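Visitor: I'm new to this structure. Could you take a close look at its largest pocket with me, and show me how it sits in the rest of the chain?

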Amino acid sequence: MAQMLGTLLTQGAVNLLLVFAGFACFGKYMTVPSVSALIAFVPCLLLAVALRLLMIEVFSLLCFFTTGYLGIAWTRAALFDFFSGAMIPVVLFPGWLKTAACCTPFPYMLQVPVAVLLGQETMAGFGMPGIYGLQIVWILVFLALHVLLYSLARRNLTIAGG
């Protein structure tokens, strides 16, 4: 989690510098988000970061039940990159795939916060309370999975023969 937070802070600083450079170079082609969009974005971003941290934690706990971690790490990265909108925006998915993606937690970590910041229609079709609610529900799901997997891992873990 410390690595993830450190990465988020570094990546956030670099992204902020890129945004400022973009506005400096192409300011007349870019629009500044409204104050209401910024106010709605901040809690959405914080919930998205908490959700992503818990998801990574749950996938990391799965490593206690395998002999290798690469498959789990690659699977998590592939699922996140595809279903969060990091590779292709979820709004460009065909209808059936967009519906399937909305049933996963991944769009609520990237696509939805970006749409909120830009003042665009979120693909979930909910208002802001509904989006916050869905993010909180997914956080609670991953928190429950974390508690379950951690308790199972503690029972199964043997260190130095004891």
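**The largest pocket and its surroundings**

Guide: Let's start with the whole chain: of its 162 residues, 31% count as buried (under 20% relative accessible area, with exposed meaning over 50% and partly exposed in between, using a 1.4 Å probe and protein chains only). Bear in mind that this is a predicted model, where local features need pLDDT of at least 70 and side-chain atom pairs count only at pLDDT 80 or more, while totals for chains, interfaces and linings use all residues. Residues are numbered from 1 along each chain as its sequence is written, and side-chain values use heavy atoms, with hydrogens and water left out.

The chain has 6 helices and 0 strands (DSSP runs numbered from the N terminus: helices are H or I with at least four residues, strands E with at least two). Along its principal axes, the C-alpha trace spans about 65 × 35 × 25 Å.

Now for your pocket. The largest one has a volume of about 1,200 Å³. A pocket here is an open set of points on a 1 Å grid over the protein atoms alone, where a 1.4 Å probe fits, with protein on both sides within 12 Å along at least five of seven lines; lining residues have an atom within 4 Å of a point. The points are joined across faces, edges and corners, and the volume is the space filled by probe spheres set on them.

There are 29 lining residues, and N15, F41, L45, V114 and L117 are the closest to the pocket's centre. Helices α1 (2-26), α2 (35-61) and α5 (111-118) are the elements that give two or more residues to this lining. The largest share, 11 residues, is α1's. As for chemistry, the lining has 24 nonpolar residues, 4 polar and 1 charged (Ala, Val, Leu, Ile, Met, Phe, Trp, Tyr, Cys and Pro are nonpolar, Asp, Glu, Lys and Arg charged, and the others, Gly among them, polar).

Let's pick out a residue from two of those helices. L17 belongs to α1 and, because its relative accessibility is 60%, counts as exposed. Over in α5 you'll find A115, which at 4% relative accessibility counts as buried. Its C-alpha lies 9.4 Å from that of A37, although 78 residues separate the two in sequence. Neighbours within four places aside, A115 is in contact with Q120, E121 and T122 (contact means heavy atoms within 4.5 Å).

Helices α2 and α5 also turn up in the largest nonpolar core. That core is a set of buried Ala, Val, Leu, Ile, Met, Phe, Trp, Tyr and Cys residues joined through side-chain atoms within 4.5 Å. It has 32 residues, of which L51, M55, V116 and F142 touch the most other members. At least two residues each come from α2, α3 (70-83), α4 (95-102), α5 and α6 (128-156), with α2 giving the most, 12 residues. Zoom in on L51: leaving out residues up to four places away in sequence, its partners are P105, Y108, M109, W138, I139 and F142.

For contrast, glance at the second largest pocket, with about 220 Å³ of space. There, α2 supplies the largest share of the lining, 5 residues, and the split is 4 nonpolar, 3 polar and 3 charged.
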